[in-house]
Each structure stands twice: as C-alpha cells, then as structure tokens.
Amino acid sequence: MFKKKKLRINTYLGYGTKNLFCATGRALEDENVDFSTNQNILKTLRNIYKQFESDEIRNIPIELKLPDGRVIETITDHEGYYHQELNTSTLSSYIDKKGWITYSASYKEEVIKKEISDHNTFTSQMLIPSDQAEFGIISDIDDTILHTGVASFFKWRVIANTFFKNFDKRTAIEGTVKFYKKLQLGKNGAPVNPFFYVSNSPWNLYDYLSAFFKKNNFPKGPILLRDFRTPFDKTPKPKMPHKQSEILNLLTTYPEMNFILIGDSGEKDADIYTKIAEEFPGRILAIYLRNVNHRRKERRIKKIIHSFNATPILLVHNSGQAIDHAKNIGIIT
C-alpha cells in the first residue's frame, strides 16, 4: 500500500482594499520542493519537475482566518485553486507599517485525515496600498527584471534558464532593483508606492520567483501568474491576454490610483500597455519598455511608440535611462 503524501496550501500574496478582502491560493500534495541555495543542475531540474507535476486537491473546503478572528469558508475548483472575496470594513486596524495584513488558510479538520496533515496552518498576506501612495507600479517579470529569453528562437532560453538554473543562479537585469526602489520612494521619499508583478509564467513557478525576488531585494508585491494550460486543456481560453486582464483589474480595484507600466520589447507588452493607456486617459503616468536586442521586434516597437502620444513612453537599453527619464517627468527624485 502506497503512503499518502502530506498536503499543503500554496497561499499567494494578494491585494485588496480596506473594504475588500481577497485571498487566492491552491491546495496541493506536498512535493517537498527544496529551495535552498547552491544546488546542482540535477536537483534544480528535479525541483522544477516537482512544481509542475504536483497534484492538486480538487473541490475541498478551505478555511480562511482573518486577522479580526473571523473564519470564512471557500472551496477549491477542479484545478485546486480558490479565490475568495469578502466585503468588510474591519481590516484597517490590522494593516502593518508596510501596508500588509496577515491571515491564514487551513484545511477543515473534519475533511482531511490526520496522518496526511501534521501541519495545517498556512500563512499569507494581502496588500492594502497606503493612502499616501503617489502611484502604483505594474511590472512584467520575464526579460524585464529577470533574464529569461522569451524572444529567443522557440524560447529555448526560457527552458534552459528556468529548468537548469536554481533561483540563486539567476541574475536580475542590471539596475532594475535600484530603479524600482526609487519608484517605491517616489517624490515624497517614503516607501509606500505599491508594486504588482505580472507574468505569463504559470502559478507552478510562484515559489521559484518569490525566492528570486527575495534574494535580490526587489520591493515586495503580489506576483500575478496564470494557470498552466496543456494541449489537452478543455477549459475555455481567456477572452483577453493575461497581463491585460490583471492590469485592468488593478485599475478597477484602485480607481483613484495612477500607475506606471514596465515591460519589455520581447512580446506584446507595448501593444497591451498602449491600449490600456488610451482606454484610461490620465491613469498611466509612464510606460517603460526594456529593449531585448531583437532587431525585428525593436523596429515594431518603435513604430508603436512613434504613433502613440497618450502618455510618456520610452524604449530603454538600461535602467539608467529609465531613471533619468523618470526624474525629468517628475515622478522620482
């Protein structure tokens, strides 16, 4: 008889408001993925395989304990995900100095068997942007802050970088941390401007990316990924690109907040960002696109920029150019 694996809940950093609690996560079998540093290629490959192979726990009740002591129940879907929203007015007093509230997720004790759950409290946090925030920052990840290779032929560099390099062997694109910390401080010099990271990478890589962000000291923020679709996936495809959907949701959630959009020239960031800036006049303060040194893509992006005048937009070769531009338009000092 095979021994059953322990269970875990992968809780994802989320965002909400003083009146809206939002929680997202996924119920999974625990694959004991080891994210320690200085791992060899074989162990890194094994870890990545475990993240993609991990079995979801479908249609199971999850209890969310709010900081005010309330417990609300949600249930996972056919992929093991849950997303719970709750209108509430009791969160303000639980926000820490950096804008986060802490809550926990657990399996219902009467539903799971004790022998497969000796640990049943999984902590998470939700960001509530400060009233003092000047603007929010929405940043892509792949080839914007992390060398990935999404523009490479057949995306072979994406595969090589992700599957054969542990997070501590990956390097942040030079100058991005410095630029992002300046954006976090804005003009007022207080680290309250919120960050949101959006990527087309699957949720399976959440722990890997979180470890990379923490190691490189990027501003803390929700990492918004997407479900991993296989060729056999029968669920309906999303009506709009993932990044576009996430950015629109942020603009809707924070209607009084303006944003800066950061991406690269490798994929469709320019198309999505300029379209959103035109749909929400005055809400996008600036768009920064990192040049991935692909001539054909660079020519296409320059054509988009040339015909666009809704908001400042800049194709940059390095973060120094972005910093200088941000100073010139008065969003950082």
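The paragraphs below lead through this predicted model, from its overall make-up to selected residues, salt bridges and a charged patch.

Taken as a whole, the protein contains 8 helices and 14 strands, and of its 333 residues 52% count as buried. The accessible surface amounts to about 17,000 Å², with 53% of that area belonging to carbon and sulfur atoms. Among the contacts with a separation of 6 or more, 72% join residues that stand 24 or more positions apart, and several of the residues discussed below can be read with that figure in mind.

A convenient place to enter the structure is Leu20, which belongs to strand S3, a strand that runs over residues 20–29. Leu20 has a relative accessible area of 19% and therefore counts as buried, since the term is reserved for values under 20%. Once residues up to four places away in sequence are set aside, Leu20 touches Glu85, Leu86, Asn87, Thr88, Leu91 and Met126. The C-alpha atoms of Leu20 and Ser89 are 7.7 Å apart in space, although 69 residues separate the two in sequence.

Thr88, one of the residues that Leu20 touches, offers a view of this region from the other side. Thr88 sits in the loop between strand S6, which covers 81–87, and S7, and with 7% relative accessibility this loop residue counts as buried. Apart from its neighbours within four places in sequence, Thr88 is in contact with Lys18, Asn19, Leu20, Phe21 and Arg70.

Strand S7 itself, made of residues 100–107, holds Ser104. Ser104 is buried, its relative accessible area being 14%, and beyond residues up to four places away in sequence it touches two runs of the chain, namely Glu63, Leu64 and Lys65 on the one hand and Thr121, Phe122 and Thr123 on the other. Between Ser104 and Gln125, which are 21 residues apart along the chain, the C-alpha separation is 8.2 Å.

Among the helices, H4 spans residues 206–216, and its buried residues include Tyr206, Tyr208, Leu209, Ala211, Phe212, Phe213 and Asn216. Just after H4 comes Asn217, whose phi is positive at about 65°.

Helix H4 also takes part in one of the charged pairings, to which the account now turns. Side chains of opposite charge can pair when their charged atoms come close. The whole structure contains 11 salt bridges, and one of them is formed by Arg8 with Asp207, with 3.9 Å between the closest N and O atoms. Because Arg8 lies in strand S1 (residues 7–12) and Asp207 in helix H4, this pair ties together parts of the protein that are 199 residues apart in sequence. Which of the two categories, buried or partly exposed, applies to Arg8? Arg8 is buried, with a relative accessible area of 16%, whereas its partner Asp207 has a value of 25% and is partly exposed.

A second salt bridge joins the side chains of Arg300 and Asp271, with an N to O distance of 2.9 Å. This pair links distant parts of the chain, since Arg300 is in helix H7 and Asp271 in helix H6 (residues 269–279), 29 residues apart. Arg300 is partly exposed at a relative accessible area of 29%, and Asp271 likewise counts as partly exposed, at 29% relative accessibility.

A further salt bridge brings together the side chains of Glu56 and Arg58, at 3.3 Å from N to O. Arg58 is exposed, with a relative accessible area of 52%. Glu56 and Arg58 do not stand alone, for they are linked with Arg26 and Glu79 in a network of salt bridges.

The last stop returns to helix H7, which consists of residues 295–306 and includes Arg299. On the surface, Arg299 gathers with Arg295, Arg296 and Lys303 in a patch of positive charge. Arg299 has 52% relative accessibility and so counts as exposed, the limit for that term being over 50%. Helix H7 thus holds Arg300, which is paired with a residue of helix H6, as well as Arg299, which belongs to the patch of positive charge.

Note on methods: Residues numbered from 1 in each chain as written. Predicted model: local features only at pLDDT ≥ 70, side-chain atom pairs only at ≥ 80, totals over all residues. Heavy atoms only, no water. Patch = residues over 30% accessible without salt bridge, like charges linked within 9 Å, V, L, I, M, F, W, Y side chains within 5 Å. Areas by Shrake-Rupley, 256 points an atom, 1.4 Å probe, with all protein chains shown as cover. Salt bridge = Lys/Arg side-chain N within 4 Å of Asp/Glu carboxyl O. Lys, Arg positive; Asp, Glu negative; His and termini not counted. Charge placed at Lys NZ, Arg CZ, Asp CG, Glu CD. Helix = DSSP H or I, 4+ residues; strand = E, 2+ residues; numbered from the N terminus. Buried < 20%, exposed > 50% of the residue type's maximum accessible area, 1.4 Å probe, protein only. Contact = heavy atoms within 4.5 Å.
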